[in-house]
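This report concerns the pairing of charged side chains and the packing of helices. The sequence and the structure are shown first.

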Amino acid sequence: MESDMKGYFGAHLAPRKTVIGVCYFAADRPAPGDLRFNGGTDILLARSPGNEAALATASDILKTAGFRIHIKDSEPGMLWTKAAFNAAINPLAAACGVETGNLLDDPALRELSLKALGEAAAAARAGGHPLDYPDMADKLLQSGRNAPRQRNSMLQDLAAGRRTEAEAILGPFLKSARRHSIPAPTLELLAALIARLEKSVAA
């Protein structure tokens, strides 16, 4: 995951001018020209060798815009952690056609989401990328409370007849799980479901 990003940015941007970040806020576009903010203000930015000046500039600009900025020393940890959140919520909510709040309020769906999170964490850890937070399950449930009406990006893509980012999100975890013989049946099922849905909306 992070190696692909570094390869792209290394070929196109100077590392000292590059700041990799992830966002923890929700937005929706229910119709063309209709953009809605559904909650959250946290942005994480990664410190890397030589990017101190760019990091300070990016942080100041985003703070001025009203976002809460958190600086992370591990870019891989930041990226794998964000991807694990997405892997636990996006494909399941998209497959069921439900908003994030409904997903985590339903006992059966919440259990599946937490199973997906556990499998993602195990696969990441086996690959040498432990996630940033020991209380990942609590943070996942909090995300549902923060943005209960959010239609995640996979759900929005399927509704619009677009291909989703399922491969980019689930792929690294599934590859690591297979490489290290880590069981990931929930993630495998979600990947298969989204692939089938993508074919149906494209037909």
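A search of the whole structure, which is a predicted model, finds 9 salt bridges. Three of these pairs are set out below.

| Salt bridge | Closest N to O distance |
|---|---|
| Arg 36 with Asp 34 | 3.0 Å |
| Lys 72 with Asp 132 | 3.7 Å |
| Glu 188 with Arg 178 | 2.9 Å |

**Arg 36 and Asp 34.** In this salt bridge, the closest N and O atoms are 3.0 Å apart. Arg 36 has a relative accessibility of 45% and is therefore classed as partly exposed. Asp 34 falls into the class of partly exposed residues as well, at 23%.

**Lys 72 and Asp 132.** Here the N and O atoms approach to 3.7 Å. Lys 72 belongs to strand 3 (residues 68–72), whereas Asp 132 sits in the loop between helix 5 (107–126) and helix 6 (136–146); the salt bridge therefore ties together parts that are 60 residues apart in sequence. Lys 72 has a relative accessible area of 18% and counts as buried, because the limit for that class is under 20%. Its partner Asp 132, at 26%, is partly exposed.

**Glu 188 and Arg 178.** The side chains of these two residues meet at 2.9 Å, N to O. Glu 188 is part of helix 9 (residues 185–202) and Arg 178 is part of helix 8 (residues 166–179), so that the pair, 10 residues apart, links distant parts of the chain. For Glu 188 the relative accessible area is 31%, which places this residue among the partly exposed ones. Arg 178, with 52%, is exposed, since that class begins over 50%.

**Helix 3 and helix 8.** Helix 8, which contains Arg 178, also packs against another helix. Two packed helices are described by the angle between their axes and by the distance between those axes. How are helix 3 and helix 8 oriented to each other? The axes of helix 3 (residues 75–96) and helix 8 come within 9 Å and cross at roughly 110°. Angles of 65 to 115 degrees count as roughly perpendicular, and the two helices are therefore roughly perpendicular to each other.

Helix 3 contributes Trp 80, Ala 83, Ala 84, Asn 86, Ala 87, Asn 90 and Pro 91 to the contact, and these meet Ile 169, Leu 170, Pro 172 and Phe 173 of helix 8. By class, the contact comprises 9 nonpolar and 2 polar residues, with no charged residues.

Technical notes: Residues are numbered from 1 along each chain as its sequence is written. This is a predicted model: local features need pLDDT of at least 70, side-chain atom pairs count only at pLDDT 80 or more; totals for chains, interfaces and linings use all residues. Side-chain values use heavy atoms; hydrogens and water are left out. A salt bridge is a side-chain nitrogen of Lys or Arg within 4 Å of a carboxyl oxygen of Asp or Glu. Buried means under 20% relative accessible area, exposed over 50%, partly exposed in between (1.4 Å probe, protein chains only). Helices (H or I, at least four residues) and strands (E, at least two) are DSSP runs, numbered from the N terminus. Axes are lines fitted to C-alpha atoms, for helices over the stretch in contact, and angles run from 0 to 180 degrees between N-to-C directions. Angles under 35 degrees count as roughly parallel, over 145 as roughly antiparallel, 65 to 115 as roughly perpendicular and the rest as oblique. Contact means heavy atoms within 4.5 Å. Ala, Val, Leu, Ile, Met, Phe, Trp, Tyr, Cys and Pro count as nonpolar, Asp, Glu, Lys and Arg as charged, and the others, Gly among them, as polar.
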